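Got the model open in your viewer? Let's take a short walk through it, one selection at a time.

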Amino acid sequence: MEQVDILVSEVGPRDGLQSLAQVMPTQAKCEWISLLAAAGLREIEVGSFVPPSVLPQMADTAEIVAHARTIPGLDVAVLVPNLRGAENAVRAGAHKISIPLSVSETHSLKNVRRNHAQMLEEIAAIASLVAQQPAEQRPHFEVGLSTAFGCTLEGPVSEELVVRLAVAAIEAGCAEVGLSDTTGYANPAQLRRLVKKVWDAVGRDRLNGVHLHNTRGQGLANALAALDMGITTVDASMGGIGGCPFAPGASGNIVTEDLVFLVEAMGMKTGIDFEALMRARDFLAAAMPDVEIYGFTPAAGLPRGFERA
Ligand code: ZN
């Protein structure tokens, strides 16, 4: 498999689908994920292990993981809210487990019904679960610092608190932290500042990824700031679908198709084929006809004469 410069991590099947009223049938999810992988996406967050009573859209996550694991070369990522979810993720064979640690404690209580201290206990318990797995089956364990740039419930979020929680999460045993702009508050200057502060506190190798939303149209500007800093993993969702069901006003993720064009146009490799990406997009549009799907590059097409890096 060719080396990539930037890992575009597709979160549409999780962040996207969980926010929609319409439930995508299991078979369609499997086909969509296969098309995304065929387009060259190497990491896909395929679902979350939450009780079906909370998010019926994610009820089939174990089946989806089982399917995704059959796709050669694909890193299968899942989101979990707690230890029980992580146990299910390990049982299903996910390659990567992420848990959200909301910097806004109000959002944390709404989202996962736990405060910071309780979440850090949960993270420590998951870290020990992960450590008990045989080395070749051990999933990568990441803590996503959500609402790291601001919160629709609390307003501004303290950067010192983001740094403190990053340190606490690493001390609790996760391999890596990520910065999540759950509600689309981030601006590029803030992103640069926060990445640097977290790097200074936990080490550069402990923060490689950002998760951005395009709520105020700043998504790609923030992605560019992250790339310029040396961040190597950027989450995005096909068609920009997504939001957080427990963060009022949170709208879609940055659009995978536009992010791929940005990165490739600047001469960096994503390993993603644009035409194949469009086939996955067409499938999504057909499978979820009532869902609004965004993206400038898909609408305009690639520029004439455009050659990928
Ligand atoms: Zn998100």
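Start by selecting Arg 204 and Trp 199: the arginine sits over the face of the Trp 199 ring, 3.9 Å from the ring centre. Keep in mind as you click around that this is a predicted model.

Next, switch to cartoon view and pick out the strands. Eight of them make a closed barrel, in the order E1-E2-E3-E4-E5-E6-E7-E8, and the pairing is parallel. On average, neighbouring strands of this sheet are turned by 30 degrees against each other, direction ignored. For a closer look, select E3 (residues 75–79) and E4 (residues 96–102), which run parallel and are joined by three bridges. Show Val 78 as well, and you'll find its bridge partner in E4, Ile 97.

Now go to the zinc ion. Which protein residues act as its donors? Select Asp 15 (OD), His 211 (NE2) and His 213 (NE2), which lie 1.9 to 2.1 Å from the zinc ion. Along the sequence, the spacing of these donor residues reads D-x195-H-x1-H. Try a surface view here: His 211 is buried, at 8% relative accessible area, and His 213 is buried too, at 2%.

Last stop: the aromatic pair, and the count is just one. Select Phe 261 and Phe 306, a tilted pair at 5.1 Å centre to centre with 55 degrees between the planes. Phe 261 belongs to helix H10 (residues 256–265) and Phe 306 to the segment after helix H12 (296–300), so the pair ties together parts 45 residues apart in sequence. With the surface still on, Phe 261 shows up as partly exposed, at 22% relative accessible area, and Phe 306 is partly exposed at 26%.

Conventions
Residues numbered from 1 in each chain as written. Predicted model: local features only at pLDDT ≥ 70, side-chain atom pairs only at ≥ 80, totals over all residues. Heavy atoms only, no water. Donors = N, O, S within 2.8 Å, 3.2 Å for Na, K, Ca; no water. Buried < 20%, exposed > 50% of the residue type's maximum accessible area, 1.4 Å probe, protein only. Pairing = 2+ DSSP bridges. Helix = DSSP H or I, 4+ residues; strand = E, 2+ residues; numbered from the N terminus. Axes fitted to C-alpha atoms, helices over the stretch in contact; angles between N-to-C directions. Phe/Tyr/Trp six-rings, centres within 6.5 Å; stacked < 30°, edge-to-face > 60°. Lys NZ or Arg CZ within 6 Å of the ring centre and 35° of its normal.
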